[in-house]
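Here is a short report on a protein chain. Keep the structure open as you read, and find each residue as it is named.

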Amino acid sequence: MRHSRRFPLAALVAAAALVLSACGGGGDEGPAAASGPVTLTWWHNGTAEPVRSLWQQVADDYHQAHPDVSFTVQPIQNEEFPTKVPLALQSNTPPDLYQQWGGGDEASQVDSGRVADLTSSVQGWIGGLGSMAQGWQVGGKQYGVPYVQHVVGFWYRKDLFAQAGITAPPTTMADFAAAVGKLKSAGIAPIALGGKDRWPDAFYYDYFAVRACSTQVLKDEIAAVKLQNPCWVKAGQDLQGFLATQPFQTGFNGTPAQQGAGSSAGLVANGKAAMELQGDWDPSTMSSLTDDKDLDSKLGWFPFPSVPGGKGNPAVLLGGGDGFSCTTRAAAACAGFLQYLTSAPVQRKIAEAGSGLPVNADAVASLKNESLKSVAEQTRKASYVPMYFDRAFPTAVGQALNDAVANLFAGQGNPEAVVQAVNQAATGNK
């Protein structure tokens, strides 16, 4: 779950009406295209406050501006989506609107025939989101819409770094290893990891691959879902070498990522660990897991360090985003609501909440957290931002990758087995 800080959602009703009347080419993109009243069942991953209330308020405001569109809002735990969505798409009553991360997951879901092709409905405004929206396309057609972009890097406690005598964020793997050593010497757990959920493990393999593989190899072989270049094995070898330094807290394989003060995010939030490799949502996640009102001022961010011997561009970042897809029952009304979510007034509120980097450029200036502003600037300068591999690959392939990487973290398997797992799952997926 990507949590966010509490903030007011005032005066959005009038803004919604203005935005929706101003956008769109022929006037058929919004809910006016729907015939009669409709109630949209909305599945999102905002299970905790304040995001839970935020999304409810957004739905209520939209309904007030558009009385024919009502909502049944159902928050669902983030980790449940990979199993709940495929089952729902096979049922007679899938949600009308549901959390969508694009990439291979979305492509797998499109095969169900229940995901709405939104191409014609969004063509009047989707261009304003730039290239980010392409990650929610399948075969050149728009089957989802992102509302925030995400970038993964290291969130760290500046106070704990200072306590360990670390004067600057590391930029190379050698610097990083030295920082880990200093933190250990100071009696501080260097890195918190939520290995119980597996996907945080995959961030490490992904980043070692991003540093080992050239940009062209990443683009070509991820798209082909066929890992052939030796750089993929090197990534696993680099990861194994990193794991040998024992940089994580005791019991990391059984620690959840975002649930409770004892999660990896909670450990950093409460000063029990110095850093965590996570997305830009991490500060808002942490804020709900601690009583420390000064947490934001204690957090800093730095990109994954450079790794020797690789062909990857150090300016490449790993990322993705959050979005939504519609199913076919009420696609026109659903598309109108997605237009509202990506409008500048709503995007500014999302940016102020720190729940992601806005996809609407007009809202970037509304980011309040100084570290998030740094992330946004780094993202703007990045030469390439590939999607997290478990999302970029088809669902079954992404799960196979996460499982194989988790085996490495558990001291089982080997780098070659990770590559084999992906390629074998890809063959079975065709």
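## A helix held inside

Start with helix α14, in a model that is predicted. Ten of the eleven residues of α14 are buried, so the helix is largely enclosed by the rest of the structure. The cut-off matters here: a residue is buried when its relative accessible area is under 20%. Which residues of α14 are buried? They are A331, A333, C334, A335, G336, F337, L338, Q339, Y340 and L341.

## Where α2 meets α14

Helix α14 covers residues 331–341. Its axis and the axis of α2 come within 11 Å. The two axes cross at roughly 115°, and the crossing of α2 past α14 is right-handed.

Look at the residues that meet. From α2 come W55, V58, D61 and Y62. From α14 come G336, F337, Y340 and L341. Now recall how a helix turns. An α-helix has 3.6 residues a turn, so residues three or four places apart point the same way.

## Aromatic pairs

Rings come next. A pair of aromatic rings is described by the distance of the centres and the angle of the planes. How many aromatic pairs does a search of the whole structure find? The search finds 34. One of them joins W55 and F324 in an edge-to-face pair. Their centres are 6.0 Å apart, with 80° between the planes. This pair links distant parts of the chain. W55 sits in helix α2, residues 51–65. F324 sits in strand β10, residues 318–326. The two are 269 residues apart. Are these rings buried or exposed? W55 counts as buried because its relative accessibility is 3%. F324 is buried too, because its relative accessible area is 0%.

A second example is the pair of F248 and F252. This pair is tilted, with 50° between the planes. The centres are 5.1 Å apart. F248 and F252 are both buried.

## Charges over rings

Some charged side chains lie over ring faces. K219 lies over the face of Y384, at 4.9 Å from the ring centre. R391 lies over the face of W101, at 4.1 Å from the ring centre.

Stay with R391. It is found in helix α17, residues 389–392. Its relative accessibility is 14%, so R391 counts as buried. Which residues does R391 touch, not counting those up to four places away in sequence? It touches W101, G102, G103, G104 and D105. R391 can also be placed against G320. Those two are 71 residues apart in sequence, while their C-alpha atoms are 8.2 Å apart in space.

## Two disulfides

A disulfide is a covalent bond between the sulfur atoms of two cysteines. How many disulfides does the structure hold? It holds two. Number the bonded cysteines in sequence order, and the pairing is 1-2, 3-4.

One disulfide joins C213 to C231, with 2.0 Å from S to S. The torsion about this S-S bond is about 100°, so the disulfide is right-handed. The pair links distant parts of the chain, 18 residues apart. C213 is in the loop between α8 and α9, and C231 is in helix α10. Both C213 and C231 are buried.

C326 and C334 form a disulfide as well, and their sulfur atoms are 2.1 Å apart. The link of C326 and C334 is left-handed, with -85° about the S-S bond. C326 and C334 are both buried. C334 also appears among the buried residues of α14.

## Two more buried residues

Find S371 in helix α16, residues 370–381. S371 has a relative accessible area of 10%, so it is buried. What is S371 in contact with, leaving aside neighbours within four places in sequence? The contacts are W155, L299, G300 and W301.

Last comes N78, in the loop between β2 and α3. Its relative accessible area is 5%, so N78 is buried. N78 and S355 are 277 residues apart in sequence. In space they are 14 Å apart, C-alpha to C-alpha.

Definitions and conventions:
Residues numbered from 1 in each chain as written. Predicted model: local features only at pLDDT ≥ 70, side-chain atom pairs only at ≥ 80, totals over all residues. Heavy atoms only, no water. Phe/Tyr/Trp six-rings, centres within 6.5 Å; stacked < 30°, edge-to-face > 60°. Helix = DSSP H or I, 4+ residues; strand = E, 2+ residues; numbered from the N terminus. Buried < 20%, exposed > 50% of the residue type's maximum accessible area, 1.4 Å probe, protein only. Lys NZ or Arg CZ within 6 Å of the ring centre and 35° of its normal. Disulfide = S-S within 2.5 Å. Axes fitted to C-alpha atoms, helices over the stretch in contact; angles between N-to-C directions. Left-handed = near helix turned anticlockwise from the far one by under 90°. Contact = heavy atoms within 4.5 Å.
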